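Open the model in your viewer and keep the selection panel at hand. The stops below go from the whole chain to single residues.

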Amino acid sequence: MEHVLVIGGGIAGVSTAYLLSKQGFRVTVVDKCMDVGCETSFLNGGLLCPSLSYPWSNTSAIPVALQSAFANDKNRQAIRLNPALISSALAWRWMGSFAWNMAPWKVASNHVASYNLCEYSLKCMKEEKDQGVLFTALGSLQVFGIEASALARKSVMDRMKNSKTEILNWLEIKQLVPVIETKVQYGVLSHGDTSGDVFKFTTSLKRLCDPDKVRFLPNTSIEGLEIKNKTILHAVTSTGSKMHADKYVVATGNGAPPLAVLAGDVLLSLPVKGYSVHVPVSEASLMYNVCDDIGKFYCSPVPGPAVRLSAFAEIGYSDTTPHPDRGTALIEMANDRFEPGFLLKEQAVVHACCRPQTPDDLPVIGPSANIKNLWYVTTSTSSFPNMN
Ligand SMILES: Cc1cc2nc3c(=O)[nH]c(=O)nc-3n(C[C@H](O)[C@H](O)[C@H](O)COP(=O)(O)OP(=O)(O)OC[C@H]3O[C@@H](n4cnc5c(N)ncnc54)[C@H](O)[C@@H]3O)c2cc1C
């Protein structure tokens, strides 16, 4: 039986291990933390939304970045760029690639790739539905301040073959999401979306792995790769011990670019810090994700009853300490949108984490360009890993 060493136990690594073991491989998953799902897969926005697969790198990012730069309330800035990036060659390369990916034909092809991957991943996840993985939302409601934005979003989604979207007016919005308070004129309802808990998914998938085939090794950080004739002989841990496998998969999220360098590959990915807030709610009345294009935040129902709020992209920031004012700003943005008393604000848990962001908004999944027995499974914002 071939042995695969999966480095990283987030949703990407655990899903990879689970599927490889089902295909007859023996797998070891190592993670530098004490258990799986301790970094970005710990608490995210909870959105499982093919309708949000439209790539981030498109020309509408420019006005959003400008509005953010000149925002009166800096705590509500949707986008922030770390000034330290100016001296980073990798960051300039990333930004160049981001700009190139704004070309209309790139946006169109990235959108198709991202949408297909989202749909495929959601299908794979739903196959585990009966094993205790929860899917809460019945769809997503995207709300817009101007009609043109709603029509534009519907028209790009209508190009995707399985997408089912509808334009809603205020009365229809209110019927669907009774707790919406502020009058929002333009909504797009997407039927194919849902929401779920990334940590619960990752940990329950770990439990589903056959213990005879998958071994989990916590507190093990891979810091080196011993390579000969374009083949990895060993992965080297921080304590200097060597781990041998026939094949190696790097699924280390933000930790993937430094390991790729050891293999002679370049993974063009920057950490992008974002906020996710878990807020209990007074009643389980939110049945749809609310994706607020006006305030640039997302709200998804999760069991509890509770919601996850998520927002903000702080490009090039890698520390995961939440700034209390940013957390409060996000809660207030959502609170302005919903009926008073719906969000139990005082019980909110504010969390910040960094997603590995590629310039085309697509994950890097596939073989190394240099090393024969090395693969990458690194996720980006809107996509869960392709499990082939
Ligand atoms: C605020 C925010 C909200 C988000 N909301 C959503 C959402 O609503 N929907 C959605 O689809 N996506 C969302 N995302 C993105 C999504 O959460 C991530 O893409 C996903 O969790 C990343 O999973 P991963 O397994 O690639 O990385 P991680 O979960 O970060 O896992 C990588 C693992 O590798 C380990 N590791 C790193 N380096 C090493 C090493 N050298 N040796 C050993 N182990 C190592 C780490 O300890 C970690 O456990 C959000 C991201 C953010 C930041």
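The tour starts with the overall fold and then turns to one sheet and one loop residue.

This is a predicted model, in which local features need pLDDT of at least 70 and side-chain atom pairs count only at pLDDT 80 or more, while totals for chains, interfaces and linings use all residues. Residues are numbered from 1 along each chain as its sequence is written.

**Whole protein.** Select everything and colour by secondary structure: the protein has nine helices and 20 strands (DSSP runs numbered from the N terminus, with H or I of at least four residues for helices and E of at least two for strands). The radius of gyration, taken over C-alpha atoms, is 21 Å, close to the 21 Å from the globule rule for 388 residues, so the protein is as compact as a globular protein of that length. That rule is 2.2 Å times the number of residues to the power 0.38. The C-alpha trace spans about 65 × 45 × 40 Å along its principal axes.

**Sheet β10-β11-β12.** Next, select β10 (222-228) and β12 (242-243), then add β11 (residues 231-237). They make an open, antiparallel sheet of three strands in the order β10-β11-β12; two strands pair if DSSP finds at least two bridges between them. β10 and β12 are the edges, each with a single partner strand, so one side of each has no neighbour in the sheet. Six bridges join β10 and β11. Show glutamate 226 and, opposite, histidine 234 in β11.

**Leucine 52.** Finally, go to the loop between β3 (47-48) and α2 (61-69), where leucine 52 is found. Is leucine 52 buried or exposed? Leucine 52 has 23 C-beta neighbours inside 10 Å, so this residue counts as buried (20 or more other C-beta atoms within 10 Å of its own, with C-beta atoms placed from the backbone; 12 or fewer is exposed, and in between is partly exposed). Add lysine 164: the C-alpha atoms of leucine 52 and lysine 164 are 13 Å apart, with the two positions 112 residues apart in sequence numbering.
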